[in-house]
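Work through the exercises below with the sequence and the structure side by side, and try each task before you read its solution.

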Amino acid sequence: ELVLNGTECIDTQQIHKFNKFEGRKDYYLIYITKSSIYFNSCGKEIYLKPFDAIVLPPNTPYMQNITGELNYLWVHFTGKSVEEILSQFGIKKFPFVNTASQNNHLQTRFQRLFDCFVKNDEFIERDLSASLEKLLIEFARAIKENDKPRVSLSKSISYINNYYNTQIKIPDLAKMDGLSMTQYN
């Protein structure tokens, strides 16, 4: 079971320095949505750009130095199965940077966590746990989507641009770019 300890959206244009030399007692997931940040931990400086995320394990010291506009989402969490879930979902921990595809569902999942906090009813713990797991699943999907090789359609697009006034067949276009008709459609 996962336990959510806190979550927030940071949208700042101010200078902001934050040092946590002893680290946190829980896991810390940081997901950059706009601009970029240099993040320091354990003597390593990591550059995070939009759609990058890091997961800091408990007791990992870190420093954040924000000097300009930045928007990021974060969540703190614990639980007996965190290591197993992160491994199963292919989400790597610091110092690895997880890069996700541009995915609006991630921001929706973060918003769902915020909404759960506001409700604060008798179902909150279960709701937060389930919502956090769904966030991690969505994040895992976005990472896998980003890792997929990009298909180039340059040959068929060039052909279409050059021969737009002739009869063009989809099987021929697919073959030009080394794809099946199903992949091409």
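**Exercise 1.** In this predicted model, decide which kind of contact joins the side chains of R141 and E138, and where the two residues lie.

*Solution.* Begin with the distance from nitrogen to oxygen, which is 4.0 Å for R141 and E138. A salt bridge requires a side-chain nitrogen of Lys or Arg within 4 Å of a carboxyl oxygen of Asp or Glu, and the side chains of R141 and E138 do meet in a salt bridge. Next, locate the pair: both residues lie in helix α3, which covers residues 124–147, and they are 3 residues apart, about one turn of the helix. Finally, compare their surroundings: R141 counts as exposed because its relative accessibility is 54%, where exposed means over 50%, whereas E138, at 10%, counts as buried.

**Exercise 2.** Find the N to O distance between D26 and R24, and classify each residue as buried, partly exposed or exposed.

*Solution.* The distance is 2.7 Å, and the two side chains meet in a salt bridge. For the classification, recall that buried means under 20% relative accessible area; D26 has 5%, so D26 is buried, while R24, with 23%, is partly exposed.

**Exercise 3.** Do the same for D52 and K49.

*Solution.* Here the salt bridge between the side chains has an N to O distance of 3.3 Å. D52 is buried, with a relative accessible area of 2%, and K49 is partly exposed, at 36%.

**Exercise 4.** How many salt bridges does the count come to?

*Solution.* The count comes to 5 salt bridges, among them the pair D52 and K49.

Technical notes. Residues numbered from 1 in each chain as written. Predicted model: local features only at pLDDT ≥ 70, side-chain atom pairs only at ≥ 80, totals over all residues. Heavy atoms only, no water. Buried < 20%, exposed > 50% of the residue type's maximum accessible area, 1.4 Å probe, protein only. Helix = DSSP H or I, 4+ residues; strand = E, 2+ residues; numbered from the N terminus.
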